[in-house]
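Got your viewer open? Let's walk through a few selections and see what turns up at each stop.

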Amino acid sequence: MLSLDEQEKLHKFYIGLELDFKLCGLDNIYQYFPEKPSEGLRAIIKIDSLLQINYLSDSFNSQLPTLKQDITIIPYIESRLKQVQNIHLKTKYLHLIYAITKDNRYLDKCITSYKEVLNEYYESYEQRYNIVDFEEVLTTMIELSKKDKEQKRQMVIFVKNYLKSPKTPNRIKTIIIEILQQTNILPTQECTEIPEIAINLASLELDKNFTEKNLLIGLHFANKIQNYKIAKQINEALGDYEYSNIIAFEKGNQNLAIPLMNKEVYKRIVNYYGAAHQTAKMNKALLELKENDQHIIIPKLTVKIPVKNQNEKNRLIKQYLDRLIQENSSQICLRLCMGGNQLLFIPQDKINASVEESEKRFYYTQFMQSVVVDVNRNDRIVDNTEHLRYEYYRTALSITLGFIRQYLTATISSKKLSYSKLSKFLLNKTFFGYPLEIIRNEKIISYSWLQVIDIGVKEFFKQFAKAMRSQDADWRFTIEFLSLKFEGILRDIVSLSGENIVKQNRKGEIESCLLDDLLRTDIIQHTFDEEDIMLFYYTLTHKGLNIRNNVAHCFYKPQDYYADQALLVLLCILRLVKFIPSDALSKK
């Protein structure tokens, strides 16, 4: 039994809840708890402390086993339900008792009670209440209705009545169709009217943010019901809308951010018009995008490596080079194939350590985004850490490639290296000379990897000899030929190892794996070390020079081919000698 004082405190507590409790807007229920309640009083009102909890949350679910075992909870809530008049408080009690029992008898009462609260928020919309309250309550109702098939059917009817009513404010209709998208409660056959509703709401909206919201929701439902005609209409409207986000920019304006922001808007415009099949509008936007790009200036953060005692370093490098060129032809060919720090490729642990140090020193770069610009001046946002790794690698390569050029010049001049010596080495001492077979049109075709690359490698030595004589070299054939053959040999490696060289796309169609897919396969990751794979990625993919893509799509112009590209592609090809299939190894 409670004392008279405790009964008075309990009475005040219930009055406070009755007067002030709201499903939305009550920040702290504990303000009504009696000060220093006794154990008996605390035991009575402890259930009320659950009223502010989200019953779909992990914190509540973790308490459920304990709550279900407490035999005092359900009787307490049922007794309170007989007393309370506040519809918000009654609704919350009903939701709590259903969340614990999962009894559908309470589900029906709970949803009915929520409807009363929703109507209250709806009626007070003209008083400019926070529309979020309406949104929160309706979302909760829909999630509850999913627990029962009949409740879900009735909820669909209930919500669509709001949309059909001419009295429902447009802003509330927008909130409703947004909730329908998020909760995915509507069966496809019930969505047919939503795109038209969304288009109409967008045309009447004065706030451009809500205009876009309506159009995007309409596009979602148009795609869901596969009404591509109306989807094109909405895409065109979105393209038209995006022009309102273009910021006027005049030549001489010092705000470098404006062209960058406009570029992203123009990209969206082009995509929307493209999806709408509005070719004329898309081409116009592309021209405007090109004009906008003329004003873009992207600051570059350069990586500088301090050099101490450069003369001593040059002396040591020359001494090391003199020792290397004393080796015989086979050893020279092997070094070119193996790479590594013997050819002054920077070790990966050094790159990782440098990146880690830079991120600590220039910690503010975490608030920036790294941008890579390709050969066509298209920019792409990339991960800061990954970009920094490849920037260090690029900087270190300037030393590495300079050393390898000296190495090639010295060994070619001394007749220890030539195309014939390298091809002989590949033929007799690597898997490049191993006979392979494929069946085409019921015929067996025999070939070797050396036959695949021979004319490209031969052309490299021809052009390098010109460069040694200070003549103009043409690297186009070498770069184009060998970069594509690298992918072909890589595909053979993956296939010989029993891994897939095809994949299923999003449409369920079978297509060939791309270069990036092949580089991620188990056999490539196990055969080649981290430095090899970084060389492949830097030389041939979008993480670096992207030579393979630029060649395959004919993006390069004659001025875009240069010696270092040819050398890198050759080194990638030669690095593939590290692969030896187990059956070939056993035969040898």
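Helices here are DSSP runs (H or I, at least four residues), numbered from the N terminus. The model is predicted, so local features need pLDDT of at least 70 and side-chain atom pairs count only at pLDDT 80 or more, while totals for chains, interfaces and linings use all residues. Residues are numbered from 1 along each chain as its sequence is written, and side-chain values use heavy atoms, with hydrogens and water left out.

Start with Lys415, in the loop between helix 18 (384-413) and helix 19 (419-429). Lys415 has a relative accessible area of 64%, so it is exposed (buried means under 20%, exposed over 50%, partly exposed in between; 1.4 Å probe, protein chains only).

Next, stay with helix 18 and pick Glu391 and Arg394, which form a salt bridge with the closest N and O atoms 2.8 Å apart (a side-chain nitrogen of Lys or Arg within 4 Å of a carboxyl oxygen of Asp or Glu). The two sit 3 residues apart in helix 18, so about one helical turn separates them. Glu391 is buried at 18%, whereas Arg394 is partly exposed at 39%.

Now jump to Asp529 and Lys578, another salt bridge, at 3.5 Å between the closest N and O atoms. This pair links distant parts of the chain, 49 residues apart. Add Glu531, Asp532 and Arg575 to your selection: with Asp529 and Lys578 they are linked in a network of salt bridges.

Last stop: Val265 in helix 13 (residues 257-275), buried at 5% relative accessibility. Beyond its neighbours within four places in sequence, Val265 contacts Glu242, Asn245 and Ile246 (heavy atoms within 4.5 Å).
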